[in-house]
Amino acid sequence: MSNLNLNIEPIQFKRVLVGVDESEQGYVALANAIHQASEDEAQLIIASVLEMGDLSTIDALHLDVIKERRAQIEANLARYKTYAESQGAENVITVFADGAKAGEVLLQDVAPKVQADLIIVGAHSREGFWESLGSQAAYIARHAKISSMVARK
């Protein structure tokens, strides 16, 4: 049996990406991301995704509905940023994205764009409009090419 090399330094992350939705598990992900970013003095990127598949066919055809949902998500992102800064996070940005599946958007679009080296999402979400991110946690855990954390309360 070979000797184990346990002299491994933990990763100090530079850019922590957190996918947040309006759910308790989304807030747990945000709290953990704030902690990790503060601990590592890393940039915190807070992202929310408007899943176009969550819209009914009729809503998807109405630009006003999409604008209203986008405005709601952007208002929430501003609240999350203010909260993160109040908790000691110093370098915080927000990202709004849209697409078919939140997990795919976060991994394939957002993470490379912001050069994230850690992605954190909640384990699951409540049913309804904001269920998008947590439902994609297993996808992220399986497919992430960067370190990932599925936060659970």
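Student: Which helix do Arg70 and Glu74 both lie in, and how many residues apart are they?

Tutor: Both sit in helix α3, 4 residues apart, which is about one turn of the helix. Keep in mind that this is a predicted model.

Student: What makes Arg70 and Glu74 a salt bridge?

Tutor: Their closest N and O atoms are 2.9 Å apart. The cut-off is within 4 Å, so the pair counts.

Student: How many salt bridges turn up in the whole structure?

Tutor: The search finds 3. One of them joins Glu22 and Arg79, with the closest N and O atoms 3.2 Å apart. That pair links distant parts of the chain: Glu22 is in the loop between β1 and α1, Arg79 is in helix α3, and they are 57 residues apart.

Student: Why is Glu22 called buried?

Tutor: Its relative accessible area is 15%. Buried means under 20%, so Glu22 fits.

Student: And why is Arg79 called partly exposed?

Tutor: Arg79 has 46% relative accessibility. That value falls between 20% and 50%, so "partly exposed" is the right label.

Student: How do you know that Glu24 and Lys153 form a salt bridge?

Tutor: Check the N to O distance: 2.8 Å. Within 4 Å is what we need, so this one counts too. Here Glu24 is in helix α1 and Lys153 is in the segment after β5, 129 residues apart.

Student: What makes Lys153 exposed?

Tutor: Its relative accessible area is 69%. Exposed means over 50%, so Lys153 qualifies. Glu24, at 46%, counts as partly exposed.

Technical notes. Residues numbered from 1 in each chain as written. Predicted model: local features only at pLDDT ≥ 70, side-chain atom pairs only at ≥ 80, totals over all residues. Heavy atoms only, no water. Salt bridge = Lys/Arg side-chain N within 4 Å of Asp/Glu carboxyl O. Helix = DSSP H or I, 4+ residues; strand = E, 2+ residues; numbered from the N terminus. Buried < 20%, exposed > 50% of the residue type's maximum accessible area, 1.4 Å probe, protein only.
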